[in-house]
Amino acid sequence: MSELAQLIKKAAKDQMDSSKPMDIIIGEVVSAAPLKIKLDSKITLTESFLILTKAVVDYSVNMTVNHTTETHTHSHTYQDDSTTRTTQPNIHNHAYVGSKSFTIHNKLKVGDYVILLRAHGGQKFIVLDIVGGGTL
């Protein structure tokens, strides 16, 4: 390969290395509060370097529901003149209707492995999701 081609190839490689294009990385949560994610034995990211998605934080969502609860059977035991008595079984359910708030519990926990996307320039990392069940 000619010297000019080698110089062009080196310049292109140096440009790619210096620009740090997006990259997918696996990290491990080593602290939940404050949040710290370890990338390797030398690099641990703190919250100021992280952008969190809804997939890794707790949040609330309003949902419209319209159903009944499961049927429940129960009876009560009570004392009457020193005699223990039990009521007849009572079978019932309840309507569950309207706009309800539900909390989604996605907050990161120590030991979770996460998928991160290194943003262009390498200064910020987007925490995309937890790996499978949180382990590798």
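**Exercise 1.** In this predicted model, work out where D112 is found and whether D112 counts as buried or exposed.

*Solution.* Begin with the position along the chain: D112 is found in the loop between strand 10 (95-104) and strand 11 (113-118). Next, take its relative accessibility, which is 8%; since buried means under 20%, D112 counts as buried.

**Exercise 2.** Determine which contacts link D112 and K109, looking at the backbone nitrogen of K109 and then at the two side chains.

*Solution.* First, the backbone nitrogen of K109 lies 2.9 Å from a polar atom of the D112 side chain. Then turn to the side chains, where D112 and K109 meet in a salt bridge with an N to O distance of 3.9 Å. Finally, consider the surroundings of each partner: D112 is buried, whereas K109 is exposed, with a relative accessible area of 52%.

**Exercise 3.** Describe how strand 7 and strand 8 pair, and find which side chain meets that of D80 in a salt bridge.

*Solution.* Start with the strands: residues 77-80 and residues 83-86 pair in the antiparallel sense over four bridges, and D80 stands opposite T83 in strand 8. Between the strands of this hairpin there are two residues, and D81 takes a positive phi near 50°. The side chain of D80 meets that of R85 in a salt bridge (3.2 Å, N to O); R85 counts as partly exposed at 37%, and D80 counts as partly exposed at 29%.

**Exercise 4.** Explain which parts of the chain the salt bridge of R118 and D23 ties together.

*Solution.* The side chains of R118 and D23 meet at 3.8 Å, N to O. Because R118 lies in strand 11 and D23 in strand 1, the pair ties together parts that are 95 residues apart in sequence.

Notes: Residues numbered from 1 in each chain as written. Predicted model: local features only at pLDDT ≥ 70, side-chain atom pairs only at ≥ 80, totals over all residues. Heavy atoms only, no water. Buried < 20%, exposed > 50% of the residue type's maximum accessible area, 1.4 Å probe, protein only. Polar contact = N/O pair within 3.5 Å; in protein donor to acceptor, adjacent residues only side chain to side chain. Pairing = 2+ DSSP bridges. Salt bridge = Lys/Arg side-chain N within 4 Å of Asp/Glu carboxyl O.
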